[in-house]
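Welcome! Let's take a friendly walk through a protein chain and look at how some of its parts meet. Keep the picture in view as you read.

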Amino acid sequence: MQFIVRPSMVFEQSDPVNKCSFIHINDELIRKSLEGLNTIEETGKGLMEFVTKYRSITMIPPPEPQSIQIHKLFHYIQNLFKEDCIESDVSFITKVEPDNLEVLADEGQIQKVLINLVKNSLEALKEVKTKEIELSARENGENRIQIQVRDNGIGIPYEKLEDIFIPFYTTKERGSGIGLSLSRQIVRLNGGSIKVFSIPGKETIFTLIL
Ligand SMILES: Nc1ncnc2c1ncn2[C@@H]1O[C@H](COP(=O)(O)OP(=O)(O)O)[C@@H](O)[C@H]1O
Ligand SMILES: [Mg+2]
């Protein structure tokens, strides 16, 4: 259906017989209505996005643990970020001690966690001159596996260290603020924990114990 409306098409103000009123339809009214519809559309989209993100945090499927070869896992992550690291001039190193170290966890889920952490590291390195990311793993002496993601990016102020795990907390213009809360959830479901240590301007280390 198509409406053609001439500029300032004017209807009568009111109709005393039928006791109803009319409105002026002109370009301004149409423009405002379209603006209103756009706002409704944007708000709807925003709400849908919120629901999708909220679901991703609250509806993580139960982990399916398997024995993961950590050097293979690290190789996969390193490969995934290869282009980004070349483009941004980031040196990305991995260390696994011993070489054949394994961990029992849901591989897909742990991949997701490491992807979130490395992505954050890359974003924290933007303003830094010599950019480094280090992914390391070792046994922690209590029969548990410790995986660390370290970067020498901008860091996190001490008073913000717990806030960063709160859903939707972000300091980025286009951040979603769910990467870390989702990661913490995943790690907990896998029977582990995730902690952060940071010295602003020097280094930030996320430690997973699995
Ligand atoms: N490696 C890091 N270095 C500095 N700040 C970080 C790092 N990782 C996370 N952060 C801080 O934690 C916040 C939350 O991270 P995250 O949950 O992944 O959401 P997002 O990346 O969308 O902001 C970030 O906005 C940033 O302020
Ligand atoms: Mg993130």
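## A first pair of charges

How far apart, N to O, are the side chains of Lys172 and Glu123 in their salt bridge? In this predicted model, the distance is 2.5 Å. Side chains of opposite charge can pair when their charged atoms come close.

Try finding both partners in the structure. Lys172 sits in the loop between strand S7 (145–151) and helix H5 (179–189), while Glu123 belongs to helix H4 (residues 107–124). The two are 49 residues apart, so this pair links distant parts of the chain.

How open to the surroundings are these two residues? Lys172 counts as partly exposed because its relative accessibility is 33%. Glu123 is also partly exposed, because its value is 28%.

## Arg150 and its two partners

Now move to Arg150, which lies in strand S7. One of its salt bridges is with Glu132, where the closest N and O atoms are 3.2 Å apart. Glu132 is part of strand S6 (residues 131–139), and 18 residues separate the pair. Here one partner is partly exposed and the other is buried: Glu132 has a relative accessible area of 31%, whereas Arg150 has 19%. The cut-off for buried is under 20%, and therefore Arg150 with its 19% falls in that class.

Arg150 also meets Glu203 in a salt bridge, at 3.0 Å from N to O. Glu203 is in strand S9 (residues 203–209), and this pair spans 53 residues of the chain. Both Glu203 and Arg150 are buried.

## A network, and the full count

Some salt bridges share partners. Which residues do they join into one network? They are Glu28, Arg31, Lys32 and Glu35. How many salt bridges are there by this rule? The count comes to 10.

## Two domains and their meeting place

Let's step back to the chain as a whole. It is divided into domain 1 (2–58) and domain 2 (66–209), and the C-alpha centres of the two domains lie 46 Å apart. Where they touch, domain 1 brings 5 residues to the contact and domain 2 brings 7.

The area buried between the domains is about 520 Å², and carbon and sulfur atoms give 83% of this area. Which three residues of domain 1 supply more of its buried area than any other three? They are Lys53, Ser56 and Ile57, and together they provide 84% of the area that domain 1 buries against domain 2.

What about charged and polar pairings across this boundary? Between domain 1 and domain 2 there are 0 salt bridges. The count of residue pairs in polar contact, with both residues at pLDDT 80 or more, is 0 too. On the side of domain 1 that touches domain 2, the residues by class are 3 nonpolar, 1 polar and 1 charged.

## A buried glutamine

For a last stop, return to helix H4, where you will find Gln111. Is Gln111 buried or exposed? Gln111 counts as buried, because its relative accessibility is 17%. Leaving aside residues up to four places away in sequence, which residues does Gln111 touch? Its neighbours by contact are Leu73, Tyr76 and Ile77. Try picking out these residues around Gln111 in the structure.

Definitions and conventions: Residues are numbered from 1 along each chain as its sequence is written. Chains are lettered from A and ligands numbered from 1 in the order in which they are written. This is a predicted model: local features need pLDDT of at least 70, side-chain atom pairs count only at pLDDT 80 or more; totals for chains, interfaces and linings use all residues. Side-chain values use heavy atoms; hydrogens and water are left out. Domain bounds come from an automatic or database domain assignment. Contact means heavy atoms within 4.5 Å. Buried area is the accessible area (1.4 Å probe) that two parts lose on being put together, summed over both. A salt bridge is a side-chain nitrogen of Lys or Arg within 4 Å of a carboxyl oxygen of Asp or Glu. A polar contact is a pair of N or O atoms within 3.5 Å; within protein, one must be able to donate a hydrogen and the other to accept it, and residues adjacent in sequence count only if both atoms are side-chain atoms. Ala, Val, Leu, Ile, Met, Phe, Trp, Tyr, Cys and Pro count as nonpolar, Asp, Glu, Lys and Arg as charged, and the others, Gly among them, as polar. Helices (H or I, at least four residues) and strands (E, at least two) are DSSP runs, numbered from the N terminus. Buried means under 20% relative accessible area, exposed over 50%, partly exposed in between (1.4 Å probe, protein chains only).
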